[in-house]
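Me: Could you walk me through how to read a helix, a domain split and a chain contact?

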Amino acid sequence: MVRVNGQSGSSSLVTVRGLDKKYKRGSEEIHVLQGLNLDVDPGDFVAFMGPSGSGKTTLLNLLGGLDVPSAGSISVAGDEITHMSSGKLTQWRARHVGFIFQMYNLIPVLTAFQNVELPLLLTKLSKGERRKHVEAVLSIVGLADRMNHYPRQLSGGQEQRVTIARAIVSDPTFLLCDEPTGDLDRRSADEIMELILRLVKEHGKTVLMVTHDPVVARKADITLHLEKGALVEAGRVEGATAGGAA
Amino acid sequence: MKFGSLIFANLFRKKLRFALTIGSFIVALFLFGLLAVLRGSFGGGLEVAGVDRLVIINRTSIINPVPLSYRDKIMQIKGTKEITYDNWFGGVYQDEKNFFAQFAIDVDNQRQVFNELQVPDDQWNAFLKDRQAAIVGAALAKRFHWKVGDRIPLKGTIVPGTWEFNIAGIYHGKRVQDDETQFWFQHAYYEERMPERLKGLVGWYTLRINNPDDAPRISKAIDDEFANSPYETRTETEQAFASGWVKQMGNIEGLIMTIGIVVFFTLLLVTGNTMAIAVRERTGELAVLKAVGFSDGAVLTFVMAESLLIAFVGGALGLALAKLFTLGGDPTHGLLQFFFLPGSAIGVGLALALLIGAASGILPAIGAMRLRVVDALRRV
């Protein structure tokens with residue numbers, strides 16, 4: 001179950017305590033996150049909403065180990081990541097985090113297969129094993145027949161599905177989605193959300209998602225609003241009190 | 001090699017840019033190869049000069065002769081081994097542009113003193129039996145399509161008239177850099193038609209000594225022996241003699257170095273700019289690589305590998321073209337005696353290309369390594 005009151009559950013996958021993030025913009029100091037608490041259990045699907053500049057993406061970056069907080073702590077599956085060195089954090093990301101970005105960020109000179117294979121290049125898997133993994137996840141996202149296509153030969157929705165395949169190919173601990181449907185039309189957005197829901201329900205993935213779109217947010221088990229640097233529960237899907245949508 | 005596909009894919013991302021950058025390396029290294037050939041050609045005598053050979057010329061100038069009678073006096077000096085003499089003939093074959101060196105040689109000692117230039121015994125014996133016979137270098141024979149038995153007319157300039165020669169043999173150098181462009185004929189034949197005033201005089205001596213360490217002592221002894229005579233001498237090592245020839249043509253080495261430095265500096269700017277653009281335009285992709293777990297070092301390695309691959313491929317192609325060019329032979333038809341690209345120059349060229357590749361890639365690579373994922377993604 002997702003909690004924002006700082007009370008830990010015994011099964012928390014992600015535990016955030018007293019998270020602060022300050023930026024300097026010129027002489028001005030911007031306090032984006034202030035004493036933020038969060039607990040997420042395995043299999044939860046959480047949507048973060050809030051106005052532009054409220055710190056949604058900053059929170060996601062901190063949870064994914066892409067940025068370091070000004071104060072506070074983040075633990076993921078027992079690993080305290082806030083004090084890890086840059087090198088350790090990179091290794092940790094490779095093992096535990098799958099990123100899905102709004103702009104897809106696929107490498108245009110690589111095929112869908114090669115893009116999805118990228119995280120596996122960091123593992124000790126053989127070429128044959130990598131191929132099996134990539135083909136399996138491309139089947140999950142429905143692009144088995146497009147694996148040799150380059151990003152420019154795919155639609156926006158298909159590109160985002162490749163991004164999702166890349167995010168899940170190494171079976172990370174959780175997925176971080178930053179506006180995954182922000183650049184898609186409604187139909188493609190729905191398809192992507194169906195896919196993410198399937199990952200949660202059928203594959204037990206934990207998903208933390210930033211979105212502006214209330215329709216998209218409603219697909220999550222719980223929607224949290226960022227207000228004045230802290231999280232406030234905005235809505236919970238009925239029956240999704242613990243363990244995601246189980 | 002599992003990252004190879006990523007590196008190669010990035011190389012060919014912009015095919016025109018890739019071709020132009022590789023082309024820059026090809027042109028620069030081709031030019032480097034030609035400069036190395038020119039440097040070797042002008043300084044070639046320095047490399048082939050025997051360490052145990054001294055050259056004795058008239059103190060005033062090499063165009064002034066020295067008496068043949070000096071030979072026995074020179075050989076009385078302790079440490080001397082063999083001596084031979086030559087005269088410059090300066091004949092013209094068909095046209096003045098067909099320049100090549102022609103020497104009237106001392107048949108008794110030529111092969112002993114210049115033992116790196118080899119003539120088969122049967123051809124040498126045939127040469128000795130025919131007063132009008134000539135031995136020609138393999139490169140010279142190839143240049144004019146001469147073969148043993150051909151009759152060659154030369155128009156004399158120092159001793160006017162038409163001189164007929166029968167090619168009796170072809171010599172080859174033991175080493176690739178040995179000069180194979182000379183034309184030798186018997187000094188006795190030359191002496192027959194020499195004006196009375198020149199009889200008994202030779203152009204210069206080449207002396208082989210027992211121990212190269214004795215060169216300063218023997219040189220001094222020879223020059224002292226003939227001091228204050230009508231034909232004072234200047235004796236120096238063959239290497240110093242060859243070096244003197246090169247210096248007469250000006251600071252060739254300096255000129256070549258200057259051109260080389262300008263070319264490579266320009267190449268550095270061109271490739272440095274190319275790599276900087278290549279990295280800048282895929283900031284987002286590099287950020288994604290880092291986000292999915294590629295380390296800073298891996299990102300740096302990818303950029304450096306691209307830069308070094310371009311440098312290596314372009315450099316190798318440029319040097320290969322230069323080598324092919326030299327295999328076609330001296331385009332000046334004899335002015336450049338040592339027209340070849342040595343392996344050492346190819347090695348230096350490749351090392352320079354890689355150095356340029358590394359230097360042009362290092363700053364963009366460090367930039368990519370230091371890239372903060374959060375900042376980079378915000379820019380996309």
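**Reading a helix, then the chains**

Reply: Happy to, and keep in mind that this is a predicted model. Let us begin with a helix of chain A: the buried residues of α5(A) are Q158(A), E159(A), Q160(A), R161(A), V162(A), T163(A), I164(A), A165(A), R166(A), A167(A) and I168(A).

Me: How many of the residues of α5(A) are buried?

Reply: A general idea helps: an α-helix has 3.6 residues a turn, so residues three or four places apart point the same way. Here 11 of the 13 residues of α5(A) are buried, and the helix is mostly covered.

Me: Which elements do the buried residues of α5(A) pack against?

Reply: They pack against two strands and three helices of chain A, namely β6 (97-100), β7 (174-178), α3 (112-117), α4 (127-140) and α6 (186-203). As for its length, α5 (residues 156-168) of chain A reaches 19 Å from its first C-alpha to its last, close to the expected 18 Å.

Me: And chain B, into which domains is it divided?

Reply: Domain 1 takes in 4-44 + 250-379, while domain 2 covers 60-231. Taken over C-alpha atoms, the centres of these two domains of chain B are 47 Å apart.

Me: How many residues of chain B are in contact with chain A?

Reply: In general, the size of an interface is often given as the accessible area lost when the parts come together. Counting contacts instead, 20 residues of chain B meet 20 residues of chain A. On the chain B side, α1 (4-11), α12 (283-291) and α15 (373-379) each supply at least two residues, and α12(B) gives the largest share, 5 residues. By class, that side has 11 nonpolar, 5 polar and 4 charged residues.

Terms used. Residues numbered from 1 in each chain as written. Chains lettered and ligands numbered in written order. Predicted model: local features only at pLDDT ≥ 70, side-chain atom pairs only at ≥ 80, totals over all residues. Contact = placed C-beta atoms within 7 Å. Helix = DSSP H or I, 4+ residues; strand = E, 2+ residues; numbered from the N terminus. Nonpolar A, V, L, I, M, F, W, Y, C, P; charged D, E, K, R; others polar. Domains from an automatic or database assignment. Expected span 1.5 Å × (residues − 1). Buried ≥ 20, exposed ≤ 12 C-beta atoms within 10 Å, placed from the backbone.
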